[in-house]
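Got your viewer open? Let's take a walk through this structure together, one selection at a time.

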Amino acid sequence: MSAPSKTPANTHQPLVLAAVRLSLVPGIGPRTYAQLVAAFGGPEQVLRAAPADLNALPGIGAKLARAVALATQEVDVDDELQRCSDFGIDILEVHSDGYPRRLKEIFDPPAVLFCQGPLLPQDDLAIAIVGTRHASPYGLLQAERFAKGLALAGMTIISGLARGIDAAAHRGALAAGGRTIAVLGSGILNLYPPDHRSLANEIVTHGAVLSEFPTLQPPKAGAFPRRNRLVSGLTLGVLVIEAAERSGALISARHAMEQGRDVFALPGRVDNRNSRGCHRLIRDGAKLVENIDDVLAELGPLATPTTIDATMTIHHPAELSLNEREQTVLQAIDQEPTSIDEIVRKTGFPVQQILATISVLEMRRLVRRVSGSVLIRL
């Protein structure tokens, strides 16, 4: 990928250096990293720990304890940090403030994330769109249609930059002027597939490219199932457009279920093998969808409201499909009882207009009347 002009400020902080060094020790995966950091207080403390103290932890044998103790001398991270600096790649440690909040919720978040492009608070409102690499024209059309509509509504589109459905989803979000994030199964500077380099560069300008792997790591078969847990973990839900019964997209769907995310599937032709995975998901409880409202209505409410800007806080993704007047009235209603007189004062709208808008918000189950003239936001 091309090198941007900006150099991240965090690539030489001691915490980042220690986190990258520890994560590069052979045998240290996300769960072992978390165990070590919990025991010693941080990656720097882990690297200073005595082999005997490391070996005393359950599951940490003498060989791994020795490898960790020698990591400061034997694991060279200078070249990796320099590449990140040269190409504007941020390194996010799992306990840092900039690390995606939703990834922290999953069972095995990566110890470090390599990220090219900014992550924004609004990316908490994300949906993954995934499917087969061998998509039909119908599947490509639907992936782009859903991505475009959800991006226009304000959702960030997550996918894996693969050929087929993934690429169509990214392009749909970009066509709408929305945000999209690509999660890789290789290092950011060893992009796969290589013919998507220009697409990845475009994504960086309207979102981000993420990987848990060092920047030059080549794509390996086992890396893509690991990548899929991040695709689902970053989101509120996963939408499968076309997938055969053994498709990698079904791995993303399974991760989503395990992570407590919603799973959606688009039905297809019964004689198309790439519809069988979607139909199986629907039989197993995934939500059948035909349009973006089907997705937005099922998502949420959010455990933690997401602030989009100074005037808009989202409590439920369905709020993204409201028109300007509906959104203004909704933002004037608190989670504490709010009178219609107070809504009139905040919005400046006539009472009859507000009453009509409240009826719409009630039907969408976004507000509830406490009494005849008092409401609360759900």
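Below is a list of stops, each with something to select and something to look for. Keep in mind that this is a predicted model.

**Stop 1: the nine-stranded sheet**

Start by colouring the strands E1 to E9. Nine strands make up an open sheet here, and reading across you get the order E1-E2-E6-E5-E4-E3-E7-E8-E9. The pairing is mixed. At the edges sit strand E1 (89–93) and strand E9 (287–288), each pairing on one side only.

Now zoom in on two strands from that sheet. Select residues 156–159 for strand E4 and residues 180–183 for strand E5; they pair in the parallel sense, over three bridges. Which residue in E5 is the bridge partner of Ile157? Click on Thr180 and you've found it.

**Stop 2: the three-stranded sheet**

Next, move along to another open sheet, built from three strands in the order E12-E14-E13. The pairing here is antiparallel. Its edge strands are E12 (338–339) and E13 (367–371), and each of them pairs on one side only.

Select E13 together with strand E14 (residues 374–377): four bridges join the two, and they run antiparallel. For one pair to highlight, try Val367 and its bridge partner in E14, Arg377. Then add helix H18 (residues 351–363), which packs on the sheet and touches E13 and E14. Turn the view until you can compare directions: that of H18 makes about 115° with that of E13.

**Stop 3: Val329 in helix H16**

Now pick Val329, which you'll find in helix H16. Is Val329 buried or exposed? It's buried, because its relative accessible area is 0%, and the cut-off for buried is under 20%. Show its surroundings as sticks: setting aside neighbours within four places in sequence, Val329 is in contact with Ile343, Thr347, Phe349, Ile354, Thr357, Ile358 and Leu361.

Want to try the distance tool? Go from the C-alpha atom of Val329 to that of Gly285: the two residues are 44 residues apart along the chain, and the separation is 35 Å.

**Stop 4: Glu326, in the same helix**

Stay in helix H16 (residues 324–331) and select Glu326. Which residues does Glu326 touch, not counting those up to four places away in sequence? Show Thr357, Val360 and Leu361 to see them.

Finally, look for a charged partner. Glu326 is buried yet has no salt bridge. The nearest side chain of opposite charge belongs to Arg364, 4.6 Å away, while a salt bridge needs the atoms to be within 4 Å.

Definitions and conventions:
Residues numbered from 1 in each chain as written. Predicted model: local features only at pLDDT ≥ 70, side-chain atom pairs only at ≥ 80, totals over all residues. Heavy atoms only, no water. Buried < 20%, exposed > 50% of the residue type's maximum accessible area, 1.4 Å probe, protein only. Lys, Arg positive; Asp, Glu negative; His and termini not counted. Contact = heavy atoms within 4.5 Å. Pairing = 2+ DSSP bridges. Axes fitted to C-alpha atoms, helices over the stretch in contact; angles between N-to-C directions.
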